[in-house]
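I opened the notebook for a new chain today. My plan is to go through core, pocket and helices in turn.

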Amino acid sequence: MKLSLFTLLVLGGMALAMSGCYYDNEEYLYPVVDVPACDTSNVAYASTVVPILQRDCYACHGASAPGGGINLTTYAGLKRVVDNGSFYGSISHNPNW
């Protein structure tokens with residue numbers, strides 16, 4: 001059986017049209033992942049935040065060597081850089097923050 005060029009073009013066009021039909025279901029493509037809520041009920045500055053700062057920040061931003069003029073050993077010093085947004089930019093390594 002010999003197929004004409006027209007028949008091949010029609011069949012090819014139908015095949016392309018059928019393959020282009022795809023149902024994009026947002027819920028299927030991007031499922032919602034249940035992230036547990038951040039529990040901040042037992043967080044305190046002295047017991048939670050200060051140990052992290054001592055371990056990671058005081059070497060350069062301590063009382064004896066306030067790198068860049070930033071002293072993170074006091075709550076007021078930390079609050080100043082947190083309020084102006086530079087603290088998050090520094091810890092996320094994003095200079096544009």
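**Entry 1: the core.** I fixed the term before looking: a nonpolar core is a set of buried Ala, Val, Leu, Ile, Met, Phe, Trp, Tyr and Cys residues joined through side-chain atoms within 4.5 Å. Note that the model is predicted. Which residues make up the largest nonpolar core? I found five in all: L53, C57, L72, L78 and V81.

**Entry 2: around L72.** I took L72 from that core and listed its contacts, leaving aside neighbours within four places in sequence. L72 is in contact with the core members L53, C57, L78 and V81. The list also holds Y45, Y58, H61, G77 and F87.

**Entry 3: the fold.** I looked up the secondary structure next. The chain comes to six helices and zero strands. From the N terminus on, the elements run α-α-α-α-α-α.

**Entry 4: the whole chain.** I checked burial: of the 97 residues, 10% count as buried. The accessible surface comes to about 8300 Å². Carbon and sulfur atoms hold 64% of that surface. For contacts between residues at least 6 apart in sequence, I noted that 20% join residues at least 24 apart.

**Entry 5: the pocket.** How much space lies in the largest pocket? I read off about 160 Å³. The lining consists of D56, C57, H61, I70, L72, V81, S86, F87, S90 and I91. By class I get six nonpolar, three polar and one charged residues. Which helix gives the most to this lining? Helix α6, residues 86-91, does, with four residues. I also see that C57, L72 and V81 appear both in the pocket lining and in the largest nonpolar core.

**Entry 6: V49.** I moved to helix α3, residues 45-56, where V49 lies. Is V49 buried or exposed? Neither: its relative accessible area is 27%, so V49 counts as partly exposed, since buried means under 20% and exposed over 50%. Not counting residues up to four places away in sequence, V49 touches A44 and L78. L78 is also one of the core residues. I then took a distance from V49 to Y75, 26 residues apart along the chain. Their C-alpha atoms are separated by 9.9 Å.

**Entry 7: Q54.** Q54 also has its place in helix α3. Its relative accessible area is 47%, and therefore Q54 is partly exposed, given that exposed means over 50%. I paired Q54 with T73, 19 residues apart in sequence. C-alpha to C-alpha, the two are 8.2 Å apart in space.

Terms used. Residues numbered from 1 in each chain as written. Predicted model: local features only at pLDDT ≥ 70, side-chain atom pairs only at ≥ 80, totals over all residues. Heavy atoms only, no water. 1 Å grid on protein atoms, 1.4 Å probe; cavity = no way out; pocket = protein on both sides within 12 Å on 5 of 7 lines; lining within 4 Å. Points joined across faces, edges and corners; volume = space filled by probe spheres on them. Helix = DSSP H or I, 4+ residues; strand = E, 2+ residues; numbered from the N terminus. Nonpolar A, V, L, I, M, F, W, Y, C, P; charged D, E, K, R; others polar. Buried < 20%, exposed > 50% of the residue type's maximum accessible area, 1.4 Å probe, protein only. Contact = heavy atoms within 4.5 Å. Areas by Shrake-Rupley, 256 points an atom, 1.4 Å probe, with all protein chains shown as cover.
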